[in-house]
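Hi,

Here is the model I promised to pass on to you. Have a look at it first, and my notes follow underneath.

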Amino acid sequence: NYELGISIEEETRYEINDVNYGKQELGIVTFFDQITEFDYNAETKEITFSFPFQWDQNTIDQTTVIHEEVLVPKAYGDLLVAKYVATLNGLDLPEAMINIDDFSADDRIVHIVVSQKELQEIFSNNEFRENKITMTLKPENDLPLSGVTENGQFKVNLWWDSELKSGQTSILYFDILDTFLKDRPVATTYDLKIFHEGKQIGGTLGMSSDSKTENNSYEFLIPEDASGIINIKFEKLSDSKVANLEIPLIVDRKDSTSEYQIPDWVKNNAGWWANDEIPDTAFIDGIEYLIK
């Protein structure tokens, strides 16, 4: 006798409006039951979702696995971190249950897979008042960000020391790893370019280090007018036309808890104008630039 179970996936998209990255669509692909609740905390970057689950032995016996996928747009840099942590009904899930898949074109897919054995252990050691599962997923740390090249050959980890601000010099640090060799650092050629609104504002050619202790770095001056999203592009790794990767970053980050932020230079301009140190026209120009 054979028992056949067919799992039909359901994908749901949820639009968020991030103060830095604008409108983005997070997604949940569920292979167990329909999502009934969804929430995203912009401050903690925590994704929370729920679906029905009957906490009894019969349900556990019939459930071979619970598989959920979280879809993160590759245009949403804040969630392109190298590592996540997850919980199930408030219980920490082991790292092995969380897998990052960067091999699709538009979305990063974060798999959360809980086997029957692990479900049984959770059921045996806990009592839940509600017949549902609530999962959370959030970055373990804000940095490094990571991504995989179009051909899947290389993985890049990217980070920096201090907040990126226009008009200041910053240093980007990065490791280039071989995805087929368990993320081992590799020595390979690369073409690093930095863009803001389609215009290149920095870049360098180089050979990456294969050292596990020495990181690659690039120091550059962020232009005064390069505020908002900048795109870090790694191209032609190992001279391959399909070994390319793009990671978006934020310059002059806005506080997610505040709708508006007024730069310090506006206060200075207002003070000079109040003291008749600059004419009306200069102050008006400054206000127009702020609005723009």
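Let me start in the middle of a sheet: Asp191 stands opposite Leu205 in S16. A word on conventions: this is a predicted model, where local features need pLDDT of at least 70 and side-chain atom pairs count only at pLDDT 80 or more, while totals for chains, interfaces and linings use all residues. Residues are numbered from 1 along each chain as its sequence is written, and side-chain values use heavy atoms, with hydrogens and water left out.

Back to that sheet. Strand S15 (residues 189–196) pairs with S16 in the antiparallel sense, over eight bridges. (Strands are DSSP E runs of at least two residues and helices are H or I runs of at least four, both numbered from the N terminus; two strands pair if DSSP finds at least two bridges between them.) Together with S18 and S19 they make an open sheet of four strands in the order S16-S15-S18-S19, with antiparallel pairing. Strand S16 (199–207) and strand S19 (245–251) are the edge strands with a single partner each, so one side of each has no neighbour in the sheet. On average, neighbouring strands here are turned by 20° against each other, direction ignored (axes are lines fitted to C-alpha atoms, and angles between N-to-C directions run from 0 to 180 degrees).

S19 also turns up in the largest nonpolar core, which has 62 residues: five of them come from S19, the largest share. (Such a core is a set of buried Ala, Val, Leu, Ile, Met, Phe, Trp, Tyr and Cys residues joined through side-chain atoms within 4.5 Å.) The residues with the most contacts inside this core are Phe174, Ile232 and Leu249. Leaving aside neighbours within four places in sequence, Ile232 touches residues including Leu158, Leu172, Leu192, Ile247 and Leu249 (contact means heavy atoms within 4.5 Å).

Towards the start of the chain, strand S1 (residues 10–18) and S2 form a hairpin with three residues between them. They pair antiparallel over nine bridges, and Ile16 has Gln24 in S2 as its bridge partner. S2 is also joined by four bridges to strand S5 (residues 65–73), again running antiparallel; there Thr30 is matched with Glu68 in S5.

Now the rings. The structure holds 13 aromatic pairs (Phe, Tyr and Trp rings, the latter by its six-membered ring, with centres within 6.5 Å; planes under 30 degrees apart are stacked, over 60 edge-to-face, the rest tilted). Phe32 and Phe51 are a tilted pair, 6.0 Å centre to centre with 55° between the planes. Phe32 sits in the loop between strand S2 (22–30) and strand S3 (37–41) and Phe51 in strand S4 (residues 46–52), so their pairing ties together parts that are 19 residues apart in sequence. Phe51 counts as buried because its relative accessibility is 0%, whereas Phe32 counts as partly exposed at 29% (buried is under 20% relative accessible area, exposed over 50%, partly exposed in between, with a 1.4 Å probe and protein chains only). Both belong to one aromatic cluster with Phe53, Trp55, Phe123 and Phe128.

Trp273 and Phe283 are a stacked pair, 4.7 Å between centres and 10° between planes. This pair links helix H3 (residues 264–274), which holds Trp273, with helix H4 (residues 280–291), which holds Phe283, ten residues apart. Trp273 is partly exposed at 36% relative accessibility; Phe283 is buried at 18%.

Finally, Lys233 lies over the face of Phe195, 4.5 Å from the ring centre (NZ of Lys or CZ of Arg within 6 Å of the centre and within 35 degrees of the ring normal).

Best wishes
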